[in-house]
Amino acid sequence: MVTGTSVLGVKFDGGVILAADMLGSYGSMARFRNISRLMKVNDNTVLGASGDYADYQYLKQAIEQMMIDEELLGDGHSYSPKAIHSWLTRVMYNRRCKMNPLWNTVIIGGMNNGE
């Protein structure tokens with residue numbers, strides 16, 4: 001299992017900033033030195049995740065598909081950071097109830113209507 005640990009989010013007057021290290025560990029061995037655990041969800045939302053990298057890739061693929069489906073509607077709507085957070089809590093709770101949890105800690109950062 002490849003894992004990563006350090007993800008940090010900071011809120012300041014002009015917005016938010018997320019940072020993460022690029023190290024992927026295989027047990028106690030520092031195996032992968034260039035993996036990103038931050039993703040741009042849309043123009044106003046960024047996601048960062050620590051924990052199991054395969055579970056992060058699953059979440060990333062699901063979010064990317066959700067963004068594609070939203071763009072195909074062509075209604076000009078985009079998901080807010082709060083909407084992404086709400087959706088992710090439901091996905092993670094659903095997997096936990098099926099006794100197959102996603103082993104990640106997720107940070108969502110973004111701006112919506114100036115906040």
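Which residue with a positive phi follows H2? In this predicted model, the residue is methionine 99, with a phi near 60°. Methionine 99 sits in the loop between H2 and E8. A positive phi is worth a second look here, because most residues other than glycine have a negative one. Methionine 99 is not a glycine, yet its phi is positive. Its side of the story also includes the surface: methionine 99 has a relative accessibility of 73%, so it counts as exposed.

How far can the model be trusted, going by the predictor's own confidence? The mean pLDDT of the protein is 92, and 100% of its residues reach 70 or more. Confidence is highest in H2, at 96, while strand E1 (residues 2–4) has the lowest mean, 81.

That makes H2 a good place to go next. The helix runs over residues 81–97, which is 17 residues in total. From its first C-alpha to its last it reaches 24 Å, close to the 24 Å expected at 1.5 Å a residue. Its buried residues are Pro81, Ile84, Leu88, Val91, Met92 and Arg95. These residues lie on the same side of H2 because they cover an arc of only 95° around the axis. And what do they pack against? Their partners are strand E6 (38–42), strand E7 (45–52), helix H1 (53–73) and strand E8 (104–110). On the face turned away from this buried side, H2 carries the exposed residues Lys82 and Arg90.

Arg95 turns up again when charges are considered. Aspartate 52, in strand E7, is buried yet has no salt bridge. The nearest side chain of opposite charge belongs to arginine 95, and it is 8.0 Å away. A salt bridge needs a nitrogen and an oxygen within 4 Å, so that pair doesn't qualify. Not counting residues up to four places away in sequence, aspartate 52 touches Met1, Val2, Thr3, Trp103 and Asn104.

So how many salt bridges are there? The count comes to two. In one of them, aspartate 21 pairs with arginine 37, and the closest N and O atoms are 2.0 Å apart. Aspartate 21 belongs to the loop between strand E3 (15–20) and strand E4 (24–26), whereas arginine 37 belongs to the loop between strand E5 (29–32) and E6, so the pair ties together parts that are 16 residues apart in sequence. The two partners differ in how much surface they show: aspartate 21 is partly exposed, with a relative accessible area of 26%, but arginine 37 is buried, at 1%. The side chains of lysine 40 and aspartate 43 also meet in a salt bridge, at 3.6 Å from N to O. Here lysine 40 is exposed, at 59% relative accessibility, and aspartate 43 is exposed too, at 76%.

One more residue rounds off the picture. Is leucine 8, in strand E2 (residues 7–12), buried or exposed? Leucine 8 is exposed, with a relative accessible area of 52%. Leaving aside its neighbours within four places in sequence, leucine 8 is in contact with Ile17, Leu18, Ala19 and Ile107. Its C-alpha atom is separated by 9.7 Å from that of serine 50, a residue 42 places away along the chain.

Terms used: Residues are numbered from 1 along each chain as its sequence is written. This is a predicted model: local features need pLDDT of at least 70, side-chain atom pairs count only at pLDDT 80 or more; totals for chains, interfaces and linings use all residues. Side-chain values use heavy atoms; hydrogens and water are left out. Helices (H or I, at least four residues) and strands (E, at least two) are DSSP runs, numbered from the N terminus. The expected span of a helix is 1.5 Å times one less than its number of residues. Buried means under 20% relative accessible area, exposed over 50%, partly exposed in between (1.4 Å probe, protein chains only). The arc is that of the directions from the helix axis to the C-beta atoms. Contact means heavy atoms within 4.5 Å. pLDDT is the predictor's confidence in each residue, from 0 to 100. Lys and Arg count as positive and Asp and Glu as negative; His and the chain ends are not counted.
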